[in-house]
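Me: I would like to go through this model with you, one feature at a time. May I start with a single residue and work outwards?

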Amino acid sequence: MKNILVIGTAGQIGSELTMHLRNIYGSSNVVGGYRKTMPAEEVMESGPMEKVDATEPEKILEVVKKYKIDTIYNLAALLSAVAEEKPQAAWNVGVNGVYGILEIARENNCAVFFPSSIGAFGSSTPLDNTPQDTIQRPGTMYGVTKVAGELLSDYYFKRFGVDTRGLRYPGIISNVTLPGGGTTDYAVEIYYAAIKGEKFVCPLPKGTFLDMMYMPDALDAAVNVMEADPSKLKHRNAFNITAMSFDPDIIYNTIKKRIPEFEMEYDVDPVKQGIAESWPNKMDDSAAREEWGWDPKFDLEAMTDDMLKVIGEKHKKGLI
Ligand code: AKB
């Protein structure tokens, strides 16, 4: 039986991953770690919760020992756009934090999940069909921390045998906890605007293609890579995974087919535009498919149907 600690339980992925892991492994076996933001009531009340900060290893160690933790999902990070505003804090969480957690894992025999990102690539990377193993020279602090996290994870496996595994997530689209400070956030916000009957102001220009994924596939991927047969893993860390690639115009028209009165205009944010243009248009995720059976279930049409249904119900109940 696994004893899991999720660091970053209040975040977009952490809030849903904590519940998903509790459903699979049992509520009492999954500790939710949060810092300042309080996680939702269902997360707070469905299993053990502890205050942990990714940059404070003493507290993490205390929790690891208290609950006999054997697996850590480290989701703490400042997303790409906010990391450009606070590069020092982004480094502290994304590199010093990752190093501290890997050291705790080494000393306490824990497996570690590390979420990398399309942000680990840069403009000198081939942006179409981006290979699994290729040039990584990101131009953002977020990207620098993600490459460092990938390399540290590889190092701790090779040098110390720590069972590190990870994924390069694309933009994640979800309807429970809003993302904050990311470049791909627009692809979540557009659904909320459509349901609320608001005109959407898009911060990325038409023609900016980025990889994306619906949350249920992102959750399955995290569990499946951690459960994968290690003898089949050639990479272990930083698997490219994607489910769809679109630009703002394509997602807008997919929603407009269902809500004809929905309107969008562009007001491009140059920082987000610069970041997005340095990221892949579409990654090659064949290594993940071959090594541990990655196979996403949601495409843009299926995701749009589900997003509009779930957010529409929340709106009717006055929850958003
Ligand atoms: C961001 O936009 O910063 C993140 C990511 C793609 O890693 N959603």
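Me: Which helix does asparagine 108 lie in?
Reply: Asparagine 108 belongs to helix H5. Please bear in mind that this is a predicted model.

Me: What does asparagine 108 touch, leaving out residues up to four places away in sequence?
Reply: Its contacts are Leu61, Val64, Lys65 and Ile69.

Me: How many residues apart along the chain are asparagine 108 and asparagine 74, and what separates their C-alpha atoms?
Reply: They are 34 residues apart along the chain, and 15 Å lies between the two C-alpha atoms.

Me: At what angle do the axes of H3 and H5 cross?
Reply: Helix H3, residues 57–66, crosses H5 at roughly 35°, and the two axes come within 10 Å. The crossing is right-handed.

Me: Which residues make that contact?
Reply: On the H3 side they are Pro57, Ile60, Leu61, Val64 and Lys65, and on the H5 side Ile101, Ile104 and Asn108. By class, the contact of H3 with H5 comprises 6 nonpolar residues, 1 polar and 1 charged.

Me: Changing topic to internal space: how many cavities of 30 Å³ or more does the structure hold?
Reply: The structure has 1 cavity of that size. The volume of the largest cavity is about 80 Å³.

Me: Which elements supply at least two residues each to its lining?
Reply: Those elements are helix H5 (87–108), strand E5 (111–117) and helix H6 (141–160).

Me: And which residues line the largest cavity?
Reply: The lining is formed by Asn74, Ala76, Ala77, Leu78, Ala90, Gly94, Val98, Phe114, Pro115, Tyr142, Thr145 and Lys146. Of these lining residues, 8 are nonpolar, 3 are polar and 1 is charged. Asn74 is thus a familiar name, as its C-alpha atom is the one separated by 15 Å from that of asparagine 108.

Me: What about the second largest pocket, how much space lies in it?
Reply: The second largest pocket holds about 180 Å³ of space. Helix H1 (12–25) and helix H2 (41–45) are the elements that give two or more residues to its lining.

Me: Which helix gives the most to that lining?
Reply: H1 does, with 5 residues. The full lining of the second largest pocket consists of Ser15, Glu16, Met19, His20, Asn23, Ala40, Glu42, Val43, Val176 and Leu219. These lining residues divide into 5 nonpolar, 3 polar and 2 charged.

Me: Back to helix packing. How do the axes of H7 and H9 cross?
Reply: The axes of helix H7 (residues 186–196) and H9 come within 11 Å, with a crossing angle of roughly 30°. H7 and H9 therefore count as roughly parallel to each other, and H7 passes H9 in a right-handed crossing.

Me: Which residues meet there?
Reply: From H7, Tyr186, Ala187, Ile190, Tyr191 and Ala194 meet Pro248, Ile251, Tyr252 and Ile255 from H9. The contact of H7 with H9 has 9 nonpolar residues, with no polar and no charged ones.

Me: And at what angle does H9 cross H12?
Reply: Helix H9 (residues 248–258) and helix H12 (residues 300–316) cross at roughly 55°, their axes coming within 10 Å. That angle makes H9 oblique to H12. The crossing of H9 and H12 is right-handed.

Me: Which residues of H9 and H12 meet?
Reply: H9 contributes Ile250, Ile251, Thr254, Ile255, Lys257 and Arg258, which meet Leu300, Glu301, Thr304, Asp305 and Leu308 of H12. By class, the contact of H9 with H12 contains 5 nonpolar, 2 polar and 4 charged residues.

Conventions:
Residues are numbered from 1 along each chain as its sequence is written. This is a predicted model: local features need pLDDT of at least 70, side-chain atom pairs count only at pLDDT 80 or more; totals for chains, interfaces and linings use all residues. Side-chain values use heavy atoms; hydrogens and water are left out. On a 1 Å grid over the protein atoms alone, a cavity is a set of points where a 1.4 Å probe fits but cannot get out, and a pocket is an open set with protein on both sides within 12 Å along at least five of seven lines; lining residues have an atom within 4 Å of a point. Grid points are joined across faces, edges and corners, and a volume is the space filled by probe spheres set on the points. Helices (H or I, at least four residues) and strands (E, at least two) are DSSP runs, numbered from the N terminus. Ala, Val, Leu, Ile, Met, Phe, Trp, Tyr, Cys and Pro count as nonpolar, Asp, Glu, Lys and Arg as charged, and the others, Gly among them, as polar. Axes are lines fitted to C-alpha atoms, for helices over the stretch in contact, and angles run from 0 to 180 degrees between N-to-C directions. Angles under 35 degrees count as roughly parallel, over 145 as roughly antiparallel, 65 to 115 as roughly perpendicular and the rest as oblique. A crossing is left-handed if the near helix is turned anticlockwise from the far one by less than a right angle, and right-handed if clockwise. Contact means heavy atoms within 4.5 Å.
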